[in-house]
Amino acid sequence: MIGLGTSLGKASSPDSYFLPSLPLTATTISTFSLSSLSFSSNNLTGKRNSRNSVLRRQSAGFESEPELTSDSMESDKELPEFSRNLYPNIEPYSSGFLKVSDIHTLYWEQSGNPDGHPVVFLHGGPGGGTSPSNRRFFDPEFYRIILFDQRGAGQSTPHACLVENTTWDLISDIEKLREHLEIPEWQVFGGSWGSTLALAYSQSHPDKVTGIVLRGIFLLRKKEIDWFYEGGAAAIYPDAWEPFRDLIPENERGCFVDAYKKRLNSDDQEIQYAAARAWTMWEMMTAHLLPNNENIKRGEDDKFSLAFARIENHYFVNKGFFPSDGFLLDNIDKIRHIKTMIVQGRYDMCCPMMSAWDLHKAWPEADLKVVQDAGHSANEPGIAEELVAANEKLKHMKKGQ
């Protein structure tokens, strides 16, 4: 799943809730501020504020409204109010290519403070690649920000290659990059497929992880793949679904993931590109609560679409290369002690909230923030705000050590 989108400016405060490990009623959830200490109660059926109009202004390209402050934040007088604004655009201070196998070479870059606390950004897809806007979630004065393109994606080579491209290869690559950059331990940040990889990496190397920020939870279970690629989300987006569906003949629609695999790996490059565009367009059209035309246009880029669709499909056909459907949930005990923030859009079509909720139930020690007026993309206003705030909270905790 993705985790892509355009960069945003200042955004207003979202209608969102922290979910601690407390009993919930059918209509009410307990909420707490970023301090995790001041609690209040909010009725889910209550009147919405002017946030919707703010979102529509931002979607149309207007400046955002002044930042709003939540009641729980106002009641917290002793602890700082964490920034929720994306940081300005910055450029890398170093970049390069790391050969990780006889076949694959990865692009990497570093920005922010060379002596700061390291954080590694794990992009979505798989196959999505990184973009300059990914740097903006992190305070460049505090963080040493490491971005890299996973095998076959972005600037890494060979492009769209599926050979030696598994979850376990990527975990090995992350370790090779950490060692190459001489980083003893780092914070891990990942959304969508990046959340999958962040969990898998952290469970494999918990001693190398200082904190985790996750967004748009994707556990790569069969029911999640079926929801998005076998007709579930089509109930909400029938107009976007039909072009994806119609590329496949009726006699092959028993499994769209398998049908697309055949075309994405065809000997005919035009068949590959047609399938890649259809696959990518379906995901881009459903990634935002409100349509984002710039994001949708990425589905028209043959180079991007081929890597995105082929690699995603490859991982989904192979069930993420995990030994069991519930592998990531079954291994939460390995990382239960790591301070973790989870941000989830309530109306995420690509990675529906059932997965974030399942993760929350298995791991109540992690903070779950539900953004009530957002879908999937990391760059929707409410999601972006909460990701910045999550990094700010971990920064505050690190400074306090």
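Here are some questions and answers about this predicted model.

Q: What pLDDT does the chain average?
A: Let's start with how confident the predictor is. 80% of the residues score at least 70. Taken over the chain, the average pLDDT is 86.

Q: Over residues 20-77, what value does pLDDT stay under?
A: The model has 110 contacts beyond four places in sequence for residues 20-77. Where pLDDT is low, though, the predicted coordinates should not be read in detail. For residues 20-77, pLDDT stays under 50.

Q: Is Pro158 buried, partly exposed or exposed?
A: Pro158 sits in the loop between β7 (143-148) and α3 (167-180). Its relative accessibility is 29%. Buried would need under 20% and exposed over 50%, so Pro158 counts as partly exposed.

Q: How many Å separate the C-alpha atoms of Pro158 and His104?
A: Leaving out residues up to four places away in sequence, Pro158 touches Ile103, His104 and Gly152. Along the chain, Pro158 and His104 are 54 residues apart. Their C-alpha atoms, however, are separated by 6.3 Å.

Q: How many of the 12 residues of α4 are buried?
A: Helix α4 covers residues 193-204 and reaches 17 Å from its first C-alpha to its last, close to the expected 16 Å. This helix is mostly covered, and its buried residues include Trp193, Leu197 and Tyr201. The count of buried residues in α4 is 11.

Q: Which residue in β9 is the bridge partner of Val188?
A: Strand β8 (residues 186-191) runs parallel to β9, with five bridges joining them. β9 (residues 209-215) is mostly covered, as six of its seven residues are buried. In β9, the partner of Val188 is Ile212.

Q: Which helix gives the most to the largest nonpolar core?
A: The largest nonpolar core has 80 residues, and those touching the most other members are Leu214, Tyr229, Tyr260, Trp282, Phe316 and Trp363. At least three of the core's residues come from each of domain 1 (94-221 + 321-400) and domain 2 (224-319). The helix that gives the most, with eight residues, is α10 (residues 302-317).

Q: How many residues are in the other core, the one with Tyr87 and Leu394 among them?
A: Back in the largest core, Trp282 is among the residues touching the most other members. Beyond its neighbours within four places in sequence, Trp282 is in contact with residues including Phe228, Tyr237 and Trp241. Apart from that core lies another, with Ala384 and Ala390 also among its members, and its size is 23 residues.

How values were computed
Residues numbered from 1 in each chain as written. Predicted model: local features only at pLDDT ≥ 70, side-chain atom pairs only at ≥ 80, totals over all residues. Heavy atoms only, no water. pLDDT = per-residue confidence, 0-100. Contact = heavy atoms within 4.5 Å. Helix = DSSP H or I, 4+ residues; strand = E, 2+ residues; numbered from the N terminus. Buried < 20%, exposed > 50% of the residue type's maximum accessible area, 1.4 Å probe, protein only. Expected span 1.5 Å × (residues − 1). Core = buried A, V, L, I, M, F, W, Y, C linked by side-chain atoms within 4.5 Å. Domains from an automatic or database assignment. Pairing = 2+ DSSP bridges.
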